[in-house]
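Subject: Structure handover

Hi there,

Here is the structure I promised to pass on. Please have it open while you read, and my notes follow below.

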Amino acid sequence: MKCRICHTKEANQTGAHIFPAWMISSAFDEESRTRDHEIIWTIRTVNTPRPFFGRQVKPDKIVETIGRELWEDEIKNQINPVTMDHIWCRDCEKRFSMIEEYFLINVDRKTENFNFGETCHILTLESVNVFLVRLFIYSVVVRADLVNFAGFKLYSKTQKRLVKFLNRYLAPDLSETIKRIDQSYNKGQLLRYPFRLIKTEHIKGDTSNLIYIHDRYEKPYCFLINRYILQFYGKGNHAIHKPTSFYGISGIISKSSNIRNYKETSFRLCLWNRDVWRKVLDRIVEVQATIEFKQIVKMVVNGYRKTYGYKPSRDQVNEMLKRIFDLN
Ligand SMILES: [Zn+2]
């Protein structure tokens, strides 16, 4: 199979990260180690497979997490939901690593201070190359699209455009990439997709963050990638629409000053302290729990109907739910 990015080489990269390892590690490991130490849960409660355990997770940690050791077939059938095989090639993976490294050093590591005395703080990072930030954002969005992460799909036109940008500007090393950008007469086209990026405060050892893409919202597309919230518009003029609600995130954003990057000359990043972020996280859990609970009720009602031939009363449903949750 051919690489889905360059379309020329063999798609020979295995264990490729859909999101940079440094970006997601603290969601899966208390010590934020990047490979093989991860414990990855899915948010579902119904038909939930066991979490994915990285190879270096100690047996006692597994017992502590799920109350027993993994069975043979569970070990064999473990699937890491944030890595992929044979979608792109090793050379494209290297290009991704190069741009990830730029963002890590110049943005992520430079924004660890959240003591601004305000809940939302807007930073304008003057010394950061806006085009390189764009290429980083596009590399993440495109990878999520190519693997269809959590059902995510870009407009095919936008996807093709972003892949074209990646191929045109991303070189094997950073200096060549910068040269390509500098020499391009129409590099401005890179800045025509509006996006907002928010980084949230992290408390050491906390693994309650999520990797999630909303599969219904397109205006903008909404990503939660551990500490980062990304809202990305597939078309320039979509940004003038009121952002759709996203667990209260869009509401908070629209109240704060404009943090949109669009034809920008310097990159804007918004920092949210723990208080704001905690409220959003609670809201996400609440919404998901309600969805899952409704599914359980549906299962109970259907099971009852099949067994007894008629719909159970509300009291009967309550009684059965009580029994189910007492068992757990
Ligand atoms: Zn390739």
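What percentage of the 328 residues in the protein chain is buried? Buried residues make up 27% of them. By "buried" I mean that 20 or more other C-beta atoms lie within 10 Å of the residue's own, while "exposed" means 12 or fewer and "partly exposed" is in between, with C-beta atoms placed from the backbone.

Two notes on reading this. The model is predicted, so local features need pLDDT of at least 70 and side-chain atom pairs count only at pLDDT 80 or more, whereas totals for chains, interfaces and linings use all residues. Residue numbers start from 1 along each chain as its sequence is written.

**Overview**

The protein chain has 10 helices and 10 strands. These are DSSP runs numbered from the N terminus: helices are H or I with at least four residues, and strands are E with at least two. Of the contacts in the chain with a separation of 6 or more, 68% are between residues 24 or more positions apart. Two residues are in contact if their C-beta atoms, placed from the backbone, lie within 7 Å.

**The core and helix H5**

The largest nonpolar core has 63 residues. Such a core is a set of buried Ala, Val, Leu, Ile, Met, Phe, Trp, Tyr and Cys residues joined through C-beta atoms within 7 Å. Helix H5 (residues 130–146) gives the largest share of this core, 11 residues. Among the residues with the most contacts inside the core are Leu135, Phe136, Ile137, Tyr138 and Val141. Beyond its neighbours within four places in sequence, Ile137 is in contact with Phe195, Leu230 and Phe232.

Leu146 also belongs to H5. Leu146 is partly exposed, because it has 19 other C-beta atoms within 10 Å. Not counting residues up to four places away in sequence, Leu146 touches Arg4 and Ile87. The C-alpha atoms of Leu146 and Gln159 are 9.0 Å apart, with their positions 13 residues apart in sequence.

H5 also meets helix H6 (residues 156–169): the two axes come within 10 Å and cross at roughly 130°. Axes are lines fitted to C-alpha atoms, for helices over the stretch in contact, and angles run from 0 to 180 degrees between N-to-C directions. H5 and H6 are therefore oblique to each other; angles under 35 degrees count as roughly parallel, over 145 as roughly antiparallel, 65 to 115 as roughly perpendicular and the rest as oblique. The residues that meet include Leu135, Tyr138 and Val142 from H5, and Leu162, Phe165 and Leu166 from H6.

**The sheet**

An open sheet is formed by 6 strands in the order E5-E10-E6-E9-E8-E7, with mixed pairing. Two strands pair if DSSP finds at least two bridges between them. Strand E5 (120–125) and strand E7 (211–213) are the edge strands, each pairing on one side only. From one strand to the next, the twist averages 20°. H5 packs on this sheet, touching strand E6 (195–200), E7, E9 and E10, and its direction makes about 90° with that of E9.

Why is E6 largely enclosed by the rest of the structure? It is so because 6 of the 6 residues of E6 are buried. Phe195, Leu197 and Lys199 point one way from E6, and Arg196, Ile198 and Thr200 point the other way. E6 runs antiparallel to E9, joined by 5 bridges, and pairs with E10 in the parallel sense over 3 bridges. Ile198 stands opposite Ile229 in E9 and opposite Cys270 in E10.

Strand E8 (residues 221–225) and strand E9 (residues 228–232) run antiparallel, and 5 bridges join them. Phe223 has Leu230 in E9 as its bridge partner.

In strand E10 (residues 267–272) you will find Leu271. Leu271 is buried, because 20 other C-beta atoms lie within 10 Å. Outside its neighbours within four places in sequence, Leu271 is in contact with Thr111, Phe114, His121, Leu123 and Lys199. The C-alpha atoms of Leu271 and Phe116 are separated by 9.3 Å, although these residues are 155 residues apart along the chain.

**One helix in the open**

Helix H2 (residues 59–66) lies largely in the open, because the number buried among its 8 residues is 0. Gly67 follows H2 and has a positive phi, near 85°.

Happy browsing, and best wishes!
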